[in-house]
Each structure stands twice: as C-alpha cells, then as structure tokens.
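Welcome! Here is a short tour for anyone meeting this structure for the first time. Take a look at the sequence and the model, then read on.

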Amino acid sequence: MGMFLGIDAAASGLTAERLRMDVISNNIANANTTRTREGGAYHRRYVVFTPRTKPEKPFEKFLHMSLGHNKELKAGEGVRAVSINRDEEDGPLVYDPGHPDANADGYVEHPNVNIVAEMVDMITASRAYEANNAVITAAKSMASKAMEMGNR
C-alpha cells in the first residue's frame, strides 16, 4: 500500500532486463567461439526470472477481507533473476579438417547461438527496459503532482 511500490517493482524490472541484455550481448560476442575454458564450443546462456514475493502483512489481508473482497488481490512486486543457465543443445557441426578445433573426423562444433534470435531477444529486452523506465517516470510525475496539490 506504499507510495513507492510501483517504482520498486519497475526498478526490479530494470535490473532484470539489464542483466538479460548483458547475457544476450555475451551470446552475440561469442557467436563464433569454438573453444572455451570448459572445452568445446560456446553454448548460449539465458536468464531465468521469478516473481519477487514479500512476507504477507496481516493488516493488509485483514483490510482486504473486511472490505468484502472474496478473491485475494496482489499487486505486482517485481521480478528477480534466479539463475543464468546454459543451453545444452549442441551447435552445428561444420566440416573443416584444417581447423585447430576439428575432431578426428574433421568436424568442428560451432556455438548454438542464433544471431537473429538473439537480436529479437535484445529488442524485446530493450522494450521491456523502456516500459519499466516509463513506469518510474509516471510514478515520479504522479508523486510530484500529489505534492503540489498538498501545498495548495
């Protein structure tokens, strides 16, 4: 019920989308990496998000039920990154017997990074970042207008 809950939720979205863009950038940067420290070709990474939850406040629950609401309504509380996972799908094999990373049959495993898909993901992450930024801007504007009304 606080004034800054919307800003807090949007700020968590900004942080999450920034991390997602960092991971996508790393995937694009390694789109041609055929040798990693772990061995083998680079495997794309992706971020797993989960909703943030906070402890239930007894007063809010009591107020909600006393107003006659049957369904429990919950405001968005934001998101958080749970993990950065590795996509285990194998990359394409390309016949190149002269390549230093070629196997005994002359094939080189390339990364499983699809540049087009990564760029689409980057655009959606960028748009989500912009949307969260717009939420923060609108919340700041509303707070400013409320303060102006209080000063009259």
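**A buried charged pair**

Glu118 and Arg44 are both buried. Their side chains meet in a salt bridge, with 2.8 Å from N to O. Glu118 belongs to helix H3 (residues 115–150) and Arg44 to the loop between H1 and strand S1 (45–51), so this pair ties together parts that lie 74 residues apart in sequence. Please keep in mind that the model is predicted.

**The overall picture**

- The protein chain contains three helices and four strands.
- Following the sequence from start to end, you meet them in the pattern α-β-α-β-β-β-α.
- The protein chain has 152 residues, and 26% of them count as buried.
- Among contacts in the protein chain with a separation of 6 or more, 72% are between residues 24 or more positions apart.
- About 10600 Å² of the protein chain is exposed, and 57% of that comes from carbon and sulfur atoms.

**Helix H1**

- Helix H1 (residues 5–29) is built from 25 residues.
- From its first C-alpha to its last, H1 reaches 36 Å, close to the 36 Å expected at 1.5 Å a residue.
- The buried residues of H1 include Ala9, Ala10, Leu14, Met21, Val23 and Ile24, and Glu17 and Arg20 are buried as well.
- Among the elements that cover the buried residues of H1 are S1, strand S2 (79–86) and H3.

**Helix H3**

- H3 has 36 residues and reaches 52 Å from first C-alpha to last, close to the 52 Å expected at 1.5 Å a residue.
- At the start of H3, a side-chain oxygen of Asn114 comes to within 3.0 Å of the backbone nitrogen of Val116.
- Buried positions in H3 include Glu118, Met122, Ala125, Asn132 and Ile136, along with Ala139 and Ala143.
- H1 is among the elements that cover the buried residues of H3.

**Salt bridges**

- Side chains of opposite charge can pair when their charged atoms come close.
- How many salt bridges does a search of the whole structure find? The search finds nine.
- In H1, the side chains of Glu17 and Arg20 meet in a salt bridge, at 3.0 Å from N to O.
- Glu17 and Arg20 are three residues apart in helix H1, so about one helical turn separates them.
- An α-helix has 3.6 residues a turn, so residues three or four places apart point the same way.
- Lys145 and Glu148 also join their side chains in a salt bridge, here at 4.0 Å from N to O.
- Because Lys145 and Glu148 are three residues apart in helix H3, about one helical turn lies between them.
- Are Lys145 and Glu148 buried or partly exposed? Lys145 is partly exposed, with a relative accessible area of 47%, and Glu148 is partly exposed too, at 37% relative accessibility.
- Salt bridges with shared partners link Arg44, Asp87, Glu118 and Asp121 into one network.

Notes
Residues are numbered from 1 along each chain as its sequence is written. This is a predicted model: local features need pLDDT of at least 70, side-chain atom pairs count only at pLDDT 80 or more; totals for chains, interfaces and linings use all residues. Side-chain values use heavy atoms; hydrogens and water are left out. Helices (H or I, at least four residues) and strands (E, at least two) are DSSP runs, numbered from the N terminus. Buried means under 20% relative accessible area, exposed over 50%, partly exposed in between (1.4 Å probe, protein chains only). The expected span of a helix is 1.5 Å times one less than its number of residues. Contact means heavy atoms within 4.5 Å. A polar contact is a pair of N or O atoms within 3.5 Å; within protein, one must be able to donate a hydrogen and the other to accept it, and residues adjacent in sequence count only if both atoms are side-chain atoms. Accessible areas come from the Shrake-Rupley method with a 1.4 Å probe; for residues, only the protein chains shown count as cover.
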